[in-house]
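Here are a few notes to help you find your way around this protein. Keep the structure open beside them as you read.

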Amino acid sequence: MSKKWDTRFLGLAAHISAWSKDPSSQVGAVITDGNRIVSLGYNGFAAGVVDAPERLTDRDRKLNLTIHAEENAMIFAKRDLSGCTVFVTHPPCPRCASKLIQEEVGRVVYIAPSEDFLSRWAEDLILSKEMYAEAGVEVTEYALDDIDVGNAQITIAPGGYFKQVLNRIL
């Protein structure tokens, strides 16, 4: 997979992350087979579980109720994920890393975490990386400054109906 496609799928994961109602951590994931999308996911409560503000602001409760973006993408894939790539806006936690490994995902791509994120989750991310190395899963981490949007050839037509739609929904 090229850096162009990595950038495109990371951008899609970032877009999907905005669908999460979590006020503090919006995460998006895209699973691909080559350059074909297999599944999408974002973090949130299970279908039918009320995402009331008091649940979303109670950190311990929220963490217990939340299905992570990677988990949702795996659940909705409804197919074998052997050799697939998962693109995530944040590095997967050990819980998700173990599930990705069990699904035989071949590659994990994510945006390098911020210092704030690392201050809370650095030990967990070390464990995830150790598991990937043991299981032979390729990991690609992009610093935000290394993501080349220009090279990804992402364009939006300057006019027409589609531009009007985008202006309304974005």
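1. A word on terms before we start: helices (H or I, at least four residues) and strands (E, at least two) are DSSP runs, numbered from the N terminus. Please keep in mind that this is a predicted model.

2. With that in hand, the protein chain shows seven helices and seven strands. Their order from the N terminus is α-β-β-β-α-α-β-α-β-α-β-α-β-α.

3. Now for the chain as a whole. Of its 170 residues, 37% are buried. About 10000 Å² of the protein chain is exposed, with 53% of that supplied by carbon and sulfur atoms. Among contacts with a separation of 6 or more, 63% link residues 24 or more positions apart.

4. A good place to look next is strand E6 (residues 107–111). Why is E6 described as largely enclosed by the rest of the structure? Because five of its five residues are buried. Arg-107, Val-109 and Ile-111 point one way from the strand, while Val-108 and Tyr-110 point the other way.

5. Which strands pair with E6? One is E5 (residues 85–88), parallel to E6 over four bridges, with Thr-85 as the bridge partner of Arg-107. Another is E7 (residues 138–142), also parallel and joined to E6 by five bridges; here Arg-107 stands opposite Glu-138.

6. Finally, follow the connections between these strands. E5, helix H5 (residues 94–102) and E6 form a right-handed β-α-β unit. E6 then takes part in another right-handed β-α-β unit, with helix H6 (residues 115–135) and E7.

How values were computed:
Residues are numbered from 1 along each chain as its sequence is written. This is a predicted model: local features need pLDDT of at least 70, side-chain atom pairs count only at pLDDT 80 or more; totals for chains, interfaces and linings use all residues. Side-chain values use heavy atoms; hydrogens and water are left out. Buried means under 20% relative accessible area, exposed over 50%, partly exposed in between (1.4 Å probe, protein chains only). Contact means heavy atoms within 4.5 Å. Accessible areas come from the Shrake-Rupley method with a 1.4 Å probe; for residues, only the protein chains shown count as cover. Two strands pair if DSSP finds at least two bridges between them. A crossover is right-handed if, with the strands pointing away from the viewer, the path from the first strand over the helix to the second runs clockwise.
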